[in-house]
Amino acid sequence: MADHEAGEARGRAGAADGGAGTADGSRTAHRRTRPTSPRRGTVLALVCAAQFMVILDVSVVNVALPSMQAALGFDAVGLQWVVGAYAIAFAGLLLLGGRLADLYGRRRVFLVGLAVFSLAGLAGGLANAPGTLIAMRALQGLGAAILAPATLTILTTTFAEGEGRTHALATWTAVSSAGGAAGNLVGGVLTQTLSWRWTLLINAPIGLVTGVLAVRLLPADRVRAAARRLDVPGAVLATAGVTGLVYGVTQAEKQGWTGLPTLFGLAGGALALAGLCWVEAAADDPLIPRGLLRLRTVRVGNAVMLLAGACFLPMWYFLSLAMQDVLGYGPLATGLGFLPHTLAGVVAARLAPCAMRALGARALITLAAVLAAGGFLWQSRLGADSSYVAGLLGPALVMSTGMGLLITPITSTVTSGVPSAAAGAASGLMNTARQVGGAFGLAALVSVASTTATPIAGYERAFLTIAGLCAMVAVLACALPAGGRGREGGLGGG
C-alpha cells in the first residue's frame with residue numbers, strides 16, 4: 001500500500017504536465033501554481049471537440065432510425081443494433097483503449113482512434129445493407145473506445161487536481177452533455193434536409209480538421225512501450241462478456257428469459273467475464289492496474305457511473321421514438337424538440353463546480369440523481385394528446401438539469417488520487433462503466449418496453465424504469481466517502 005501511495009504522490013506531482021510524462025518535478029510544481037495557460041486552453045478545446053464527436057455519434061442516429069429502417073429494411077429488433085453495436089464495441093474495448101494511452105502515448109493513440117472513428121463513419125454512411133451499417137457502427141465504437149479515454153487522460157494529466165481540473169472536467173462534461181442532446185438536433189436537420197447517410201458522413205470532415213489540429217497542438221509522446229505488453233486477451237474477454245450479456249437480454253424479447261438463445265447469451269457473457277477476472281489476476285500488465293481498485297472512490301464511483309449510464313443512452317433512444325411515434329413529429333421537429341435538453345444539460349454542467357464547493361461531491365450526486373428521477377417520472381406521463389410544454393419541455397428541464405449536475409462530481413470522484421501512469425486505465429474504466437451501463441440498459445429497456453400492448457405504454461414503462469435507476473444512483477452515492485477535499489474539486493480517496 002505504501003508503494004501505491006508513493007505512486008499517487010508521483011502522479012499528482014506530474015499531473016500538470018501536458019501528457020508527456022516528464023519527470024521534471026520542479027517545473028511541474030511551478031506550473032500548478034499558475035492559472036491555466038493559453039496552451040492548456042487550446043488542448044482543452046481540442047479534447048472537448050473529440051469527445052463531442054464521440055458522444056454525438058451515440059445519439060445522432062436516433063432521429064434517423066425510422067429513415068434507416070425504411071431505406072435498408074431493418075426489423076424492430078435489428079434496428080436497435082444500429083445504436084447497440086456502437087455502444088457494445090465502445091463499452092467492451094474501453095479498458096483496452098485506456099491502457100493504450102498509458103503504454104503507447106496519448107497523442108499517438110488519440111490520432112489512431114480519431115482515424116478509425118472517422119473512416120468507419122464514412123463507410124457507414126455509404127452502406128447499402130443492414131449488416132454493413134451495423135458492422136461499421138461497431139468499428140466506429142472501436143475508434144471511440146480508443147479516442148474517448150485518450151481525451152480524458154490528456155485532460156487529467158494536463159490539469160492538476162483542484163479547482164483547475166474541476167472546471168476543466170465541468171467543461172468536458174458540458175460538451176459531452178451537448179453532444180448527446182445536439183446529436184438529436186443535428187440528426188434531425190441532416191435527415192430531413194439531406195439524408196440519414198449524412199448523420200455518419202459528417203464525421204469525415206470533422207475528423208480531418210480535428211486530426212490536423214491535434215498534430216499541431218498536442219505535445220509529442222515520450223512513452224516507451226517496448227518493455228510492456230498489451231493485455232489483448234483481457235480486452236477480447238471484456239468485449240465478449242459485454243456482447244454476450246447484451247445479446248442475451250435482447251433475445252428475451254422474442255424467446256423469453258428461459259429460451260435457449262437468451263440463456264446462451266447470458267451464460268456466455270458471464271463465463272467470459274469470469275475468464276477476464278482470471279486473466280487479469282495473472283497478467284503482468286493488466287488492463288486495470290491492481291492498485292487502482294484499492295481506492296474506494298474508484299470502486300464505488302464506477303458503480304455509480306454504471307447505473308447513471310443505464311439512464312443516459314436509453315433516454316435519447318426512447319425520447320426520439322416517442323416524439324415521432326406518439327406525438328407524430330418529423331425528424332427536424334424531433335431534433336428541435338431536444339434543444340431544451342441540450343441547453344439545460346450544458347448550463348447545469350457548468351454550474352456543477354460551484355455546487356460541488358457548496359455541497360460536496362457526494363451530496364451533489366445524490367441531489368442530482370433525485371432531480372433526474374423526478375424528471376423521468378414526469379416524462380412517463382407523455383400521451384398522444386400532450387402539449388409540447390407539459391409533455392416534453394417541463395420534464396426536459398428537470399431531468400436534464402439533474403443529469404447535467406451528475407457527471408462532473410462522479411468524474412472528479414473517480415479520477416481523484418489516481419497516479420499519472422494509471423490515468424489512462426482509470427479513464428478507460430470509468431468510460432467502460434458508463435457505456436456498459438448504457439448498452440445493457442438499452443437492451444434491457446427495449447425488452448421491457450416491447451412486452452406492453454401499445455407503444456405509449458412501452459415508453460411509459462421505460463421512463464418509469466429509468467426513474468427507478470436514478471433513485472438507485474442516489475442511494476449508492478451514499479457509499480462514497482464524504483471527501484473533505486471535495487469542496488475544492490479534488491476528492492478524498494476514502
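In which helix does Phe 264 lie? Phe 264 is part of helix α12, which covers residues 260-282. The model described here is predicted.

**The protein as a whole**

The protein contains 19 helices and 0 strands. It has 494 residues, and 60% of them count as buried. About 18,100 Å² of the protein is exposed, with 68% of that area supplied by carbon and sulfur atoms. If contacts are taken between residues at least 6 apart in sequence, 83% of them join residues at least 24 apart.

**An exposed residue in α12**

Phe 264 has a relative accessible area of 65%, and since exposed means over 50%, Phe 264 is classed as exposed. From Phe 264 to Leu 245 the C-alpha distance is 9.2 Å, and the two are 19 residues apart in sequence.

**Four buried residues**

The table lists residues that count as buried, together with the element in which each is found.

| Residue | Location | Relative accessible area |
|---|---|---|
| Ser 416 | loop between α17 and α18 | 1% |
| Ser 118 | helix α6 (residues 106-125) | 7% |
| Asn 302 | helix α13 (residues 296-325) | 8% |
| Ala 170 | helix α8 (residues 163-193) | 0% |

Ser 118 and Asn 302 each have a side chain that approaches a backbone oxygen. For Ser 118, a polar atom of the side chain lies 2.9 Å from the backbone oxygen of Leu 114. For Asn 302, a polar side-chain atom is 2.7 Å from the backbone oxygen of Val 298.

Ser 118 counts as buried because its relative accessible area, 7%, is under 20%. Setting aside residues up to four places away in sequence, Ser 118 touches Met 53, Asn 203, Ala 204 and Gly 207.

Asn 302, with the same kind of neighbours left out, is in contact with Thr 297, Val 414, Leu 429, Met 430 and Ala 433. Thr 297 also has a place in the surroundings of Ser 416: the C-alpha atoms of Ser 416 and Thr 297 are 7.8 Å apart, although 119 residues separate the two in sequence. The loop that holds Ser 416 runs between α17 (388-415) and α18 (423-449).

**Helices α15 and α17**

How do α15 and α17 cross, left-handed or right-handed? The crossing in which α15 passes α17 is right-handed. The axes of α15 (residues 339-359) and α17 come within 7 Å of each other, at an angle of roughly 35°. On the α15 side, the residues that meet α17 include Pro 340, Ala 344, Gly 345, Ala 348, Ala 349, Ala 352 and Met 356. On the α17 side, they include Tyr 388, Leu 393, Ala 396, Ser 400, Gly 404, Thr 408 and Ser 412. Sorted by class, this contact has 13 nonpolar residues, 7 polar residues and no charged residues.

Ala 170 in α8 touches residues from this pair of helices. Beyond residues up to four places away in sequence, the residues it touches are Ala 349, Arg 350, Pro 353 and Thr 408. Among these, Ala 349 in α15 and Thr 408 in α17 also belong to the contact between the two helices. Ala 170 and Thr 411 are 241 residues apart in sequence, while their C-alpha atoms are 9.3 Å apart in space.

Technical notes: Residues are numbered from 1 along each chain as its sequence is written. This is a predicted model: local features need pLDDT of at least 70, side-chain atom pairs count only at pLDDT 80 or more; totals for chains, interfaces and linings use all residues. Side-chain values use heavy atoms; hydrogens and water are left out. Helices (H or I, at least four residues) and strands (E, at least two) are DSSP runs, numbered from the N terminus. Buried means under 20% relative accessible area, exposed over 50%, partly exposed in between (1.4 Å probe, protein chains only). Contact means heavy atoms within 4.5 Å. Accessible areas come from the Shrake-Rupley method with a 1.4 Å probe; for residues, only the protein chains shown count as cover. Axes are lines fitted to C-alpha atoms, for helices over the stretch in contact, and angles run from 0 to 180 degrees between N-to-C directions. A crossing is left-handed if the near helix is turned anticlockwise from the far one by less than a right angle, and right-handed if clockwise. Ala, Val, Leu, Ile, Met, Phe, Trp, Tyr, Cys and Pro count as nonpolar, Asp, Glu, Lys and Arg as charged, and the others, Gly among them, as polar. A polar contact is a pair of N or O atoms within 3.5 Å; within protein, one must be able to donate a hydrogen and the other to accept it, and residues adjacent in sequence count only if both atoms are side-chain atoms.
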